[in-house]
Amino acid sequence: MIFKDLQDYINALEKKKELLRVKIETDPIYEMAEIADRLVKQKGKAVLFEKPKGSKIPVAMNLFGTIDRTQFALGVESLDELSLRVKELINIEIPTNFWDKLRNIMKFKELSHYLPKIVKNAPCQQVIEDDVDLFKYPILKTWPQDGGRFITLPLVFTKNPITKKQNCGMYRMQVFSKNTTGMHWHIHKDGAYHFSYYKKNKIKMPVCVCIGADPITIYSATAPLPEDIDEMLFASFLRKEGIELVKSSLWDDIYVPANAEIVLEGYVDPDELMLEGPFGDHTGYYSLADYYPVFHIQRITRKKNPIYPATIVGKPPMEDAYLGKATERLFLPIIQKILPEIVDINLPIEGIFHNFAFVSIKKQFPAHAFKVINALWGLGMMSLTKIIVVFDDNVDVQNISEVIWRLGNNIDPQRDIIFTKGPIDVLDHASNIAQMGSKMGIDATKKLKSEGFLRDWPDDIEMPKEIKDLVDKKWSKYFK
C-alpha cells in the first residue's frame with residue numbers, strides 16, 4: 001500500500017489499530033518526547049497529539065517506531081523486498097541478444113513511470129503566510145540540556161549551483177527566533193557541499209524545508225544516496241509511481257512535494273553563523289554546541305489543516321533505528337555489486353549506524369577479510385564506520401548472540417585486528433579531534449594454513465541431521 005501523504009498514512013495506521021489519539025492538552029516541551037520515548041521503547045503505537053499546548057496544529061510521532069510499522073510505511077511486507085527491488089534495478093546488463101534487449105527495454109519503460117510529476121496547484125500551498133511566526137507551530141524541545149526547540153523531521157531542499165541538480169536531506173533545525181533557525185548540515189552532507197559554493201561566492205543560498213510528507217518521501221530524505229541521485233526520483237522508485245512536485249512559491253528552481261503539510265521558504269546567509277545546540281542526539285549523548293549557518297524563513301506555505309510530524313532521538317532503540325535498518329537492506333545489493341563476496345551486513349541498532357558493521361563473506365584467499373574491511377572504508381558513508389568485523393558465510397550476522405560468540409572464539413587480538421585513521425561521524429565524541437579518528441577492523445573468519453595458521457581449526461558442535469529428525473518425529477510435542 002502506497003500513501004498519498006502523511007494524513008493518508010495516519011488514517012491507515014488508525015484502521016490497523018496502530019494509532020493512539022491523545023485528546024487532552026499535551027506540552028511539546030518534554031512531555032510529548034517522554035510519551036513517544038516510552039512508546040518506542042515498548043514497541044507501542046504511533047501517536048497523534050490532538051491538542052498541543054500553544055498551537056492548534058496536531059503533532060504525529062512514532063510513525064516508524066517498529067520494524068512492522070516501517071515496513072507498512074514503505075509499502076513492503078519485509079525490508080528484504082527493498083533489496084530485491086534494488087537488485088533488479090542494478091542488474092540491468094549490456095544486452096547480448098534480442099531477448100536481453102527486450103528485457104532491458106521493459107525495465108527502462110517501467111522506470112519511466114517513476115519520474116516525478118510537476119503540478120501547478122498543490123495542497124501544500126493552500127495557505128500562504130508572509131508574516132512568519134514559528135512559535136505558532138508545535139515545535140518540540142525533547143531533552144533537558146537541548147539548546148532550544150528543534151524541528152526534527154525536516155526535508156531540506158537545496159540545489160547544486162553547478163550541476164543544477166536538486167538535493168533533499170534531513171538536518172535538524174533549532175529555532176532561534178520566530179523566523180530563523182539553525183541549519184545543522186554536517187560537513188559530509190550534500191547540503192553543506194552546496195553551501196560551500198554560496199559561501200565562497202558570497203551569495204545567499206535558496207532553501208526550502210518541508211515538514212510532513214508521505215512516509216516513503218520522509219524516508220528518502222534520510223537515505224545516503226550518491227550526490228547525483230535525486231531523492232525525489234528515489235522516492236518515486238520506491239513508491240512505484242512518480243511523486244507530485246510543485247514549484248516553490250518563492251524560488252523558481254526548487255520543487256517540493258505537492259502533498260507536504262508545511263513548507264518553509266527562505267535563504268541561508270553565507271556570512272552568518274550562530275551557536276546551535278546542545279542537542280540530545282541519536283548517539284544517546286548530547287551533541288555539543290557549535291556554530292552553524294542560519295536559515296531565514298521569508299514565507300510559510302501549508303495545507304489548511306496540517307499535521308506536524310516529529311521524532312525523538314536518544315538512547316537506542318529509537319524510531320530512527322528502524323529507518324536505519326531499511327537503509328541497510330536497500331544498499332546491501334549495491335555494496336554486493338562492488339564486493340560480491342559479501343553475503344550479508346548488519347548495522348546493529350545499538351551501533352547507531354556508524355559504530356559497528358558485522359559482515360559475512362565467502363572467504364576465498366588469505367587476508368580476504370582485511371581486503372573487505374579496507375574496501376568498505378572506501379565506500380561512501382561506510383567510510384565513517386568505526387568498527388568492522390568480518391565473519392564466514394555460515395554466520396548469521398543478524399544474530400547478535402552468535403556474533404559475540406564467534407567473535408570471542410575466532411580471533412587472536414594481536415593477529416586479527418588492524419587499525420587505521422580516517423573520517424568519523426561528526427557526532428562521535430570519543431575521538432581527540434572532531435570528524436577524524438581511528439578505526440578498527442577485525443577478522444573473525446576461520447583461519448587458513450596459507451595465512452600462517454598451523455594448527456587444526458575445530459568444527460562447530462552439531463548434532464547429526466538424522467538424530468534431529470528422529471527427535472522431531474518422536475518428541476516434538478515436548479518442544480512446542
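These legends accompany several views of a predicted model.

**View 1. The whole protein chain.**
Welcome to the full fold: the secondary structure here comes to 13 helices and 23 strands. The radius of gyration is 24 Å, close to the 23 Å that the globule rule gives for 480 residues, so the chain is as compact as a globular protein of that length. Along its principal axes, the C-alpha trace spans about 75 × 60 × 60 Å.

**View 2. Inside and outside of the chain.**
Of the 480 residues in the protein chain, 52% are buried. The chain exposes about 23,700 Å², and carbon and sulfur atoms supply 56% of that area. Among contacts with a separation of 6 or more, 70% come from residues 24 or more positions apart.

**View 3. A sheet of five strands.**
Follow the order β19-β20-β21-β23-β22 to trace this open sheet, whose pairing is mixed. At its edges lie β19 (342-346) and β22 (417-423), each pairing on one side only. On average, and with direction ignored, neighbouring strands of the sheet are turned by 20° against each other.

**View 4. Where β21 meets β23.**
Look here for strand β21 (residues 387-392) and strand β23 (residues 436-443), which run parallel and are joined by four bridges. To find one residue pair, start at Val389: the bridge partner of Val389 in β23 is Ile442.

**View 5. A helix across the sheet.**
Helix α11 (residues 400-410) lies across β19, β20 (356-361), β21 and β23. Relative to β21, helix α11 runs at about 85°.

Technical notes. Residues are numbered from 1 along each chain as its sequence is written. This is a predicted model: local features need pLDDT of at least 70, side-chain atom pairs count only at pLDDT 80 or more; totals for chains, interfaces and linings use all residues. Side-chain values use heavy atoms; hydrogens and water are left out. Two strands pair if DSSP finds at least two bridges between them. Helices (H or I, at least four residues) and strands (E, at least two) are DSSP runs, numbered from the N terminus. Axes are lines fitted to C-alpha atoms, for helices over the stretch in contact, and angles run from 0 to 180 degrees between N-to-C directions. Contact means heavy atoms within 4.5 Å. The radius of gyration is taken over C-alpha atoms; the globule rule is 2.2 Å times the number of residues to the power 0.38. Buried means under 20% relative accessible area, exposed over 50%, partly exposed in between (1.4 Å probe, protein chains only). Accessible areas come from the Shrake-Rupley method with a 1.4 Å probe; for residues, only the protein chains shown count as cover.
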